[in-house]
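Please open the model in your viewer and keep the sequence panel beside it. The tour below goes from one selection to the next and says what is found at each stop.

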Amino acid sequence: MEENQRLWICKERILQCLIIVLAWKIVSGKIHYSIPEEMQKGSFVGNIAKDLGVDRNHLSDHGLRIVTRTGTSQYFALNYNNGHLQTSQRIDREEICGRAERCVLSFDVIIESKIEIYGVQVEIIDINDNAPQFSSGKQELKISEASTAGSRFPLPEAQDPDLGINSIQTYQLTGSSHFSLEVQAEENGAKSAELVLGGNLDREEQSVFNLILTATDGGDPVRSSTANIQVIVLDANDNAPVFSKPIYEMSIKENIPNGSSIVTVSATDLDEGQNGEIKYSFKKITKKDSKMFILNSTTGTITLMGNLDYEESSSYDFEVKAEDGGGLSDWSKVVIIVMDVNDNAPELSITFFINTISENSPIGTVIALLNVQDEDSGVNGEVTCSIPSKLPFQLKQSFDNFYSLVTLSNLDRENTADYNITITATDHGIPPLSVSTFILLQILDTNDNPPLFAESSYLAYFTENNPRGAPVFSLKANDPDWEENARISYSIIEGNMDKFLITSYLSINSETGVIYALSSFDYEEIREMKFLVKAQDGGSPPLSSNISVTLFILDQNDNAPQILYPSPPTDGSTGIELAPRSSEPGYLVTKVVAVDADSGQNAWLSYQLIKATEPGLFTLGLHTGEIRTARFFLEKDTIKQSLVVLVKDNGQPPMSASVTVTVVLADSIPDMLTDMSSIPVSEDPQSDLTFYLVTAVAFVSCLFLAFLLVLLALRLHRWKNSQLCDNGSVHFDGAPISQFVGIDGVRAFLQSYCHEVSLTSGSRKSQILFPIGSCTNTLSPQQAPDKPDSVLLMGDSNTVMEEAAIHQVST
């Protein structure tokens, strides 16, 4: 019945401890729970989902998980069905924390969806699950019969790993009225018992006393243990051993090698012989400590037999007994303080990290969460985390031993595409110990760079008469972005072609940027093209840039010179120029005028006299085309001089044209006709036709002279400075008057007035001015615009010459 009542009380205590679980609070980002030890696996610890404000129905979506230190046991687990924190194994407080007054298990919980971390502390509350235990069930205690009443003798001490009220509270002694028990409390709260002699002993009367020592704790239910104490009464021994110190206290470093001597205890006995021989032995030592140290019973030297670890135990205390051969003894306490050395490097673990981040991520973006631990204490356990300088990242201490790695400045993938971040944790010990870990972070590209051309504008040159589809020019833009963001497409967006679209002349390859000609270019039609080329990347949204391109068409020598004057007659006749026989050397007979539709050196014309009836009689200006006399005319000179003029450009290869100029040596038209009639007629079958043609020309000339005399009489006041008329005859003392006389069946054309020719280079269009007012003695294009009564004819040079001829005949 009493046992059942104790079990019921125990269950009530456990239930009360479970209720304590409901009381929790957050302090500096930590959550506290309290549970009793020895709970079964899967027992409820706390509703952590509710405490963290997380929906328990979507725990997996939030990425809620527990993070424990490296090398430590996992005592707790998350129940993802209800959001409860549960025990994952049986927890023995004494096994985990030993004699520590407060036993707290710490771990961390991470919410990956929020990148938040919380510290959780679970305090393990002691229950009375251990009964007091004596090292041995039977102990011998030798007491001399000479001992006086009131003498004290230490009794074996029971061990109870429980704490507080659950540890040993009382000792009881039964078995003899000669002895009593006195219990004392030590500084650490432990209870020790001493045997007190109540009266004088007489070995001869009773040599052995059997006592029972009972140790009882204060738990509920109460637990106890007993030890049999056999007191042996010895013959008188006058002097007991005495230790030199009541307490031996020393400090040693935890890295002291195994087998080192720790301390030597010493006791003296004034007796001689067997009563003076002292033996040393341990008293009041735990089973664990007895494996760590060994005591030489003869010399009293205590030797280390294990490895000290400050993090496991910072001090050891036990008693040493010195007993002589007569059974008398003395006790001394030994206290060993273990000093911490920096023998543990920091432990660095990554609890959360991302390995990719966009380059446009804001400053302060969390990349990783780190946990740092050092099992050393004091300065040796203080740890500092660092990363290399000049990196766009920094470490921030969240709380306790947690750090967050965040971005410090804006990232640029074009400068650095990835980072291998070395994180180093270093303690403050001497010498310091450190550990490093690495995080490989890849920077993801965003479309933050438009395509750029190497130049601000481009000039290109391309020769005319190109084949269709020929490549003209190549453009290249660069985009420092990556993949689609750096994939560039090219297009022509506008140009300066007024009549036609630029895209009808040019095409661009959208991928390579090569510009192609869609048609063959003609320099004489198009000399330059200006247009814009657009380079656009494939990002979203796309970025683009424009570049101005000027394409110059280069001329080729594809146009032969075109002779404007003298214009070759369409019916095969030859133009005739008059040269007075009285002409001096250098007299300007006529001028060959030609143009070339090309430009540059392809349009530089040179004139050559390649054939002449009498070489050396006339000279030809190389660049002016002027035909001048080279000497005075002689009687023997042939009246009709045929000059073949070659007009050649400066292109490669050069192109040319030729014209035949006939010069008749005569002072006037009648003289010309007379001289022409004196020319022997060949026996050619066409000589009759030539005769009739010459007759017709003479008749027309006479009519024209009659008309001219009448016209000159009417306008005599305008011809005061002219030397055209002398004694009723017509003379040509000034510039040569162009005469065209048909020879060998070619039509004749007579021109009795001066003409001015105004030509524009580089064009097939010309202007010819026919003044009506007066006739000058030189060919001066500059005088034509000043004459009010002029007829201006514009058009093709051949057409203009023909129209001028018709106008002359009608006049």
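Is Y458 buried or exposed? The model is a predicted one, and in it Y458 has a relative accessibility of 13%, which falls under the 20% limit, so Y458 counts as buried.

**First stop: the aromatic rings**

Keep Y458 selected and add F453, which is likewise buried, with a relative accessible area of 12%. By the rule used here, the structure holds 13 aromatic pairs. One of them is made by F179 and F209, whose ring centres lie 5.3 Å apart and whose planes meet at 80 degrees, so this pair is edge-to-face. Because F179 belongs to strand 12 (residues 179–185) and F209 to strand 14, the pair ties together parts that are 30 residues apart in sequence. Both F179 and F209 are buried. Returning to F453 and Y458, you will find their ring centres 6.2 Å apart with the planes at 75 degrees, and this pair is therefore edge-to-face as well. To finish with the rings, select F282, F293, Y316 and F318 together, since these residues form one aromatic cluster.

**Second stop: a four-stranded sheet**

Now colour strands 34, 41, 40 and 37, which form an open sheet in the order 34-41-40-37, with mixed pairing. Strand 34 and strand 37 (489–495) stand at the edges, and because each has a single partner strand, one side of each is left without a neighbour in the sheet. Neighbouring strands of this sheet are turned against each other by 30 degrees on average, when direction is ignored. Strands of a sheet pair through backbone hydrogen bonds, in either a parallel or an antiparallel sense. Here, strand 34 and strand 41 pair in the parallel sense, over 7 bridges. For one place to look along this pairing, select L459, whose bridge partner in strand 41 is T550.

**Third stop: Q536 in strand 40**

Within the same region, go to strand 40, which spans residues 528–536 and contains Q536. With a relative accessibility of 26%, Q536 counts as partly exposed, because this value lies between the 20% and 50% limits. The side chain of Q536 makes a polar contact of 3.2 Å with the side chain of K534. Which residues does Q536 contact, apart from its neighbours within four places in sequence? They are P451, R487, I488, S489, P542, L543 and S544. It is also instructive to draw the C-alpha to C-alpha distance from Q536 to P450, which is 7.5 Å although the two residues are 86 residues apart in sequence.

**Fourth stop: N447 and the loop with P541**

Select N447 next, in the loop between strand 32 (434–444) and strand 33 (452–453). N447 is buried, with a relative accessible area of 17%. Its side chain has a polar contact of 3.2 Å with the side chain of D537, and a polar atom of the N447 side chain lies 2.9 Å from the backbone oxygen of P541. Beyond its neighbours within four places in sequence, N447 is in contact with several residues, including D481, N485, G539 and S540. P541 itself sits in the loop between strand 40 and strand 41 (544–554), and the peptide bond that joins S540 to P541 is cis, with omega about 0 degrees.

**Fifth stop: further backbone features**

Another cis peptide bond leads from D220 to P221, with omega near 10 degrees, and P221 is found in the loop between strand 14 (208–217) and strand 15 (224–234). Then move to E38, a residue other than glycine that has a positive phi, near 65 degrees. E38 lies in the loop between strand 2 (30–36) and strand 3 (44–46), and with 22% relative accessibility E38 counts as partly exposed. N465 is not a glycine either, and has a positive phi of about 65 degrees; the place of N465 is in the loop between strand 34 (457–463) and strand 35 (471–474), where N465 counts as partly exposed at 36% relative accessibility.

**Last stop: the cysteines**

How many disulfides does a search of the whole structure find? The search finds 1 disulfide, formed by C97 and C103, with their sulfur atoms 1.9 Å apart. This link of C97 and C103 is right-handed, with 60 degrees about the S-S bond, and both cysteines, C97 and C103, are buried. End the tour at C385, which is buried too, with a relative accessible area of 10%.

Conventions
Residues are numbered from 1 along each chain as its sequence is written. This is a predicted model: local features need pLDDT of at least 70, side-chain atom pairs count only at pLDDT 80 or more; totals for chains, interfaces and linings use all residues. Side-chain values use heavy atoms; hydrogens and water are left out. Helices (H or I, at least four residues) and strands (E, at least two) are DSSP runs, numbered from the N terminus. Buried means under 20% relative accessible area, exposed over 50%, partly exposed in between (1.4 Å probe, protein chains only). Contact means heavy atoms within 4.5 Å. A polar contact is a pair of N or O atoms within 3.5 Å; within protein, one must be able to donate a hydrogen and the other to accept it, and residues adjacent in sequence count only if both atoms are side-chain atoms. Two strands pair if DSSP finds at least two bridges between them. Axes are lines fitted to C-alpha atoms, for helices over the stretch in contact, and angles run from 0 to 180 degrees between N-to-C directions. A disulfide is a pair of cysteine sulfur atoms within 2.5 Å. Rings of Phe, Tyr and Trp (its six-membered ring) pair if their centres lie within 6.5 Å; planes under 30 degrees apart count as stacked, over 60 as edge-to-face and the rest as tilted.
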